[in-house]
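Colleague: I'm new to this one and would like a close look at a single part. Could you walk me through one sheet and what surrounds it?

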Amino acid sequence: MSTAGTIVILTGAGVSAESGIATFRGPGGLWEGHRVEDVCTPAALARDAALVHRFYDLRRAALDTVTPNAAHDALARLDAAWPGELLIVTQNVDDLHERAGARRLLHVHGELRSALCAACGSRRAWHDALPPATICPACAAPALRPDIVFFGEIPYEMERVEAALARADLFVSIGTSGAVYPAAGFVRAAAAAGAATLELNLERSAGSAWFDETRLGPAGVLVPAWVDAVLAR
Ligand code: OAD
């Protein structure tokens, strides 16, 4: 890019792996032993709310034990320095991008440190355990649940993401397997809009063939090198 163009960055679990948060589908993954779809669904919540709430309570508590890694730091540095439009779209429910300092950030799959009211739809910061039937401060219904976008639910902020993809000059996908839509389709939307597309991942993702270029390796190495190169242009 000769002038400051629009950069859209999609991140997934691989960007937090080197911070010690297990990925979803790799060996040793968070969900090993049961399919993601068997826990992360509205039906699972209706069937066994205690189990689903406890699962996310543990994930939320685990955030206290991890810190951003070199990939989060580099993306925050790019966010601060890039003079053009930039949007980091993360599928991650951890808060490591913002703790590293990223500001132009959307959490499309929800956030561990947030609670959603199933009755009135309000969302609020939440740092402690969240037992089922916790009262919503906004509407008084006993309906607070983890603010996680379950399978079958609509990801957040899709209009803003689609608008950014339509303007993108460069789309970069980092640490995601490309198994979950709509995020897995962003590369094709960006390419259709004329963006260059780059994948940074440990291994080729499901949609690898759609990218102009793939670089394989750990995010903690690939992302700082890529950011340095972009800012040096
Ligand atoms: P996955 O676990 O499916 O994929 C993680 C990707 O990161 C894989 O392609 C790994 O090869 C790669 N990876 C692992 N370690 C890496 C490292 N150190 N550096 C770079 N890449 C690395 O996770 P996601 O694609 O994020 O949704 O999963 C998408 C969604 O599936 C998640 O947001 C989650 C789940 O259902 C919800 O929780 C709503």
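Modeller: Here is a tour of one sheet, ending at one of its residues. This is a predicted model, where local features need pLDDT of at least 70, side-chain atom pairs count only at pLDDT 80 or more, and totals for chains, interfaces and linings use all residues. Residues are numbered from 1 along each chain as its sequence is written, and side-chain values use heavy atoms, with hydrogens and water left out.

The sheet is open, with three antiparallel-paired strands in the order β5-β4-β6. Strands (E, at least two residues) and helices (H or I, at least four) are DSSP runs, numbered from the N terminus; two strands pair if DSSP finds at least two bridges between them. β5 (123–125) and β6 (144–148) each have a single partner strand, so one side of each has no neighbour in the sheet. Direction ignored, neighbouring strands are turned by 45° against each other on average.

Now look at β4, residues 110–117, which runs antiparallel to β6 and is joined to it by five bridges. One pair to find is E111 with its bridge partner D147 in β6. Helix α3 (residues 49–62) packs on the sheet, touching β4 and β6, and its direction makes about 55° with that of β6. Such angles run from 0 to 180 degrees between N-to-C directions, using lines fitted to C-alpha atoms, for helices over the stretch in contact.

Also in β4 is R113. R113 is buried, at 16% relative accessible area (buried is under 20%, exposed over 50%, partly exposed in between, with a 1.4 Å probe and protein chains only). Leaving aside neighbours within four places in sequence, its contacts (heavy atoms within 4.5 Å) include R60, D95, R124 and W126.
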